[in-house]
Amino acid sequence: MSRLVIVSNRVALPGEAAQRSGGLVTGLVDALHQAGGLWFGWSGKLGETTPEPNVFETEEVTYATVDLTRADHDGYYSGFSNAALWPLFHYRLDLMNFTRRDLAAYRRVNALLADALAPLLRPSDLVWVHDYHLIPMAEELRRAGATQRIGFFLHTPFPSLGVLATLPHYSDLLKSLCAYDLVGFQTVEDLTAFHDAILRRAGGKVSSDGHVHAFDRDLRAGAFPIGIDTEAIADMAGRAVKSRTARRLQESLRGRKLIIGVDRLDYSKGLEHRFKAFAAFLDGYPAYRNHVRFLQIATATRSDVPEYRALRQRLGALAGDVAGRFAELDWAPIQYLNRSFSQRSLAGFFRLSHVALVTPLRDGMNLVAKEYVAAQDPDDPGVLILSPFAGAAYELDAAVIANPYDPDAVAEALQTALGMPLGERCERWRTMMAVLRRNSIAAWRENFLGALSR
């Protein structure tokens with residue numbers, strides 16, 4: 001069996017992996033344990049870059065990390081990755097900030113990481129590179145002499161050609177992607193956008209079996225929708241609903257129905273639109289006032305980026321506006337929290353919720369939608385309201401689909417979900433659970449690595 005080498009911007013060290021059980025990290029760690037493997041990436045520390053990575057082994061998994069200088073981190077990570085590629089891939093051209101200096105840092109750090117990784121590779125390794133931070137990694141590894149099979153998986157959406165072409169030097173990204181043996185996307189829509197760019201701007205060819213020829217390279221590209229550990233989430237929710245934290249939440253509701261949203265604090269998640277839609281719901285369906293509560297958990301990320309600080313302030317003002325318009329002496333319609341909870345606590349919250357609002361403006365997949373479904377009580381499941389612009393909508397079409405850009409549509413979806421009969425709720429839930437069990441995190445991992453091996 002070939003050794004698996006995972007390359008990602010951040011390495012999930014053993015303690016971190018335990019804290020995030022059930023998600024992507026656990027799925028990758030399981031694969032490393034099965035085949036014996038190496039996880040390589042940035043350490044998360046800033047200092048003096050050295051050519052020698054810090055390498056250590058635990059439980060048959062080798063971890064190798066590299067420090068970055070402040071200047072490299074600012075250009076590669078805060079700059080090109082998150083100020084240019086992230087908004088571009090999420091269709092927010094108004095927020096895209098491109099500079100040639102940041103692009104140079106992005107290429108430089110990918111080369112630096114490749115030079116540190118190349119000596120650690122064995123001839124038969126399978127190398128699996130993750131996400132938009134590391135698109136040039138295969139190209140740089142090839143330059144360093146690597147001949148191993150190298151696959152890439154993009155966790156974000158891949159934009160249509162008209163959007164992609166707004167990025168200066170975008171053709172370099174296409175060329176970098178074609179240095180891989182296998183490129184994986186979340187959805188058929190993302191894959192189609194990649195094919196379109198290859199055909200129309202790279203002069204390449206795409207065959208019906210997924211093979212791509214461009215830039216004098218032959219590779220495969222496919223859709224590999226990422227999943228969750230469905231049974232683990234279901235078991236966790238069943239236990240967590242009895243926990244002290246979940247009981248406190250249930251007691252605070254005083255019989256009211258709970259609507260929940262759980263997201264990273266990011267402009268791609270559509271939280272401002274969601275708050276306005278909830279206000280439209282209370283306006284349009286006054287009978288639900290004092291009978292529901294909307295709990296939005298938005299974990300703060302990238303707090304050093306001005307756009308994120310501004311978003312946090314706007315959301316606080318919107319939540320205050322909703323409370324000011326609709327609250328009563330004994331009822332707060334909205335509860336907005338900027339703190340994180342353990343996955344176990346969230347599973348318990350999901351189990352208690354009658355409705356989940358998962359309405360991103362653009363999302364690669366959105367695992368919260370899948371975790372919410374998995375956490376439900378089979379005898380009395382809640383209802384998932386899902387944006388059509390989340391990758392999960394391609395699989396979870398038994399959810400109530402609502403366009404986040406239309407607040408009245410989301411308000412109508414809330415009214416439908418809260419009034420949905422038990423029989424229909426159970427039928428929708430069973431349909432979605434069948435999909436989650438079939439397309440689990442293990443199936444995603446095995447499908448991708450199987451395709452890369454072939």
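Helix α3 is mostly covered, with 15 of its 20 residues buried. Keep in mind as you look around that this is a predicted model. Besides this bent helix, the tour below takes in an open sheet of 10 strands, a pocket of about 330 Å³ and 2 cavities of 30 Å³ or more.

**Helix α3**

- Start with residues 70–89, which make up α3.
- The end C-alpha atoms of this 20-residue helix are only 25 Å apart, whereas a straight helix would reach 28 Å at 1.5 Å a residue.
- If you follow the helix along, you will find a bend of about 40° at Ser 81.
- After α3 comes Tyr 91, a residue with a positive phi, near 65°.

**The open sheet**

- Ten strands line up here in the order β3-β4-β2-β1-β5-β6-β7-β10-β9-β8, and their pairing is mixed.
- At the edges sit β3 (54–58) and β8 (205–206), each of which pairs on one side only.
- Strand β1, spanning residues 4–10, is mostly covered: 6 of its 7 residues are buried.
- On one side, β1 runs parallel to β2 (residues 37–46), and 6 bridges join the two. Here Val 5 has Leu 38 of β2 as its bridge partner.
- β1 also pairs with β5 (residues 126–130), again in the parallel sense, over 4 bridges. In this pairing Ile 6 stands opposite Trp 128.
- Further along the order, β6 (residues 149–153) and β7 (residues 182–185) run parallel and are joined by 3 bridges. To find a matching pair of residues, look at Phe 153, which stands opposite Gly 184 in β7.

**The second largest pocket**

- This pocket has a volume of about 330 Å³, and 20 residues line it.
- Nearest its centre lie Arg 351, Leu 352, Ser 353, His 354 and Asp 380.
- Three helices, α10 (244–253), α13 (343–352) and α15 (407–418), each give at least two residues to the lining.
- By class, the lining holds 8 nonpolar, 6 polar and 6 charged residues.

**The cavities**

- Rolling a probe the size of a water molecule over the atoms is a handy way to show where empty space is left.
- In this model the count comes to 2 cavities of 30 Å³ or more.
- The largest cavity has a volume of about 50 Å³. Its lining consists of Gly 382, Val 383, Leu 384, Ala 398, Ala 399, Val 400, Met 420, Arg 425, Arg 428, Trp 429 and Met 432.
- Two elements, β15 (383–386) and α16 (422–438), give two or more residues to the lining of the largest cavity. The largest share, 4 residues, comes from α16.
- Sorted by class, the residues lining the largest cavity are 8 nonpolar, 1 polar and 2 charged.
- The second largest cavity holds about 30 Å³ of space. Around this space you will find Ile 233, Gln 343, Leu 346, Ala 347, Phe 350 and Glu 371.
- Helix α13 supplies the largest share of the lining of the second largest cavity, with 4 residues; you met α13 above as a contributor to the second largest pocket.
- The lining of the second largest cavity divides into 4 nonpolar, 1 polar and 1 charged residues.

Note on methods:
Residues numbered from 1 in each chain as written. Predicted model: local features only at pLDDT ≥ 70, side-chain atom pairs only at ≥ 80, totals over all residues. Heavy atoms only, no water. Expected span 1.5 Å × (residues − 1). Bend = angle between axes of the 7 residues up to and from the residue. Buried < 20%, exposed > 50% of the residue type's maximum accessible area, 1.4 Å probe, protein only. Pairing = 2+ DSSP bridges. 1 Å grid on protein atoms, 1.4 Å probe; cavity = no way out; pocket = protein on both sides within 12 Å on 5 of 7 lines; lining within 4 Å. Points joined across faces, edges and corners; volume = space filled by probe spheres on them. Nonpolar A, V, L, I, M, F, W, Y, C, P; charged D, E, K, R; others polar.
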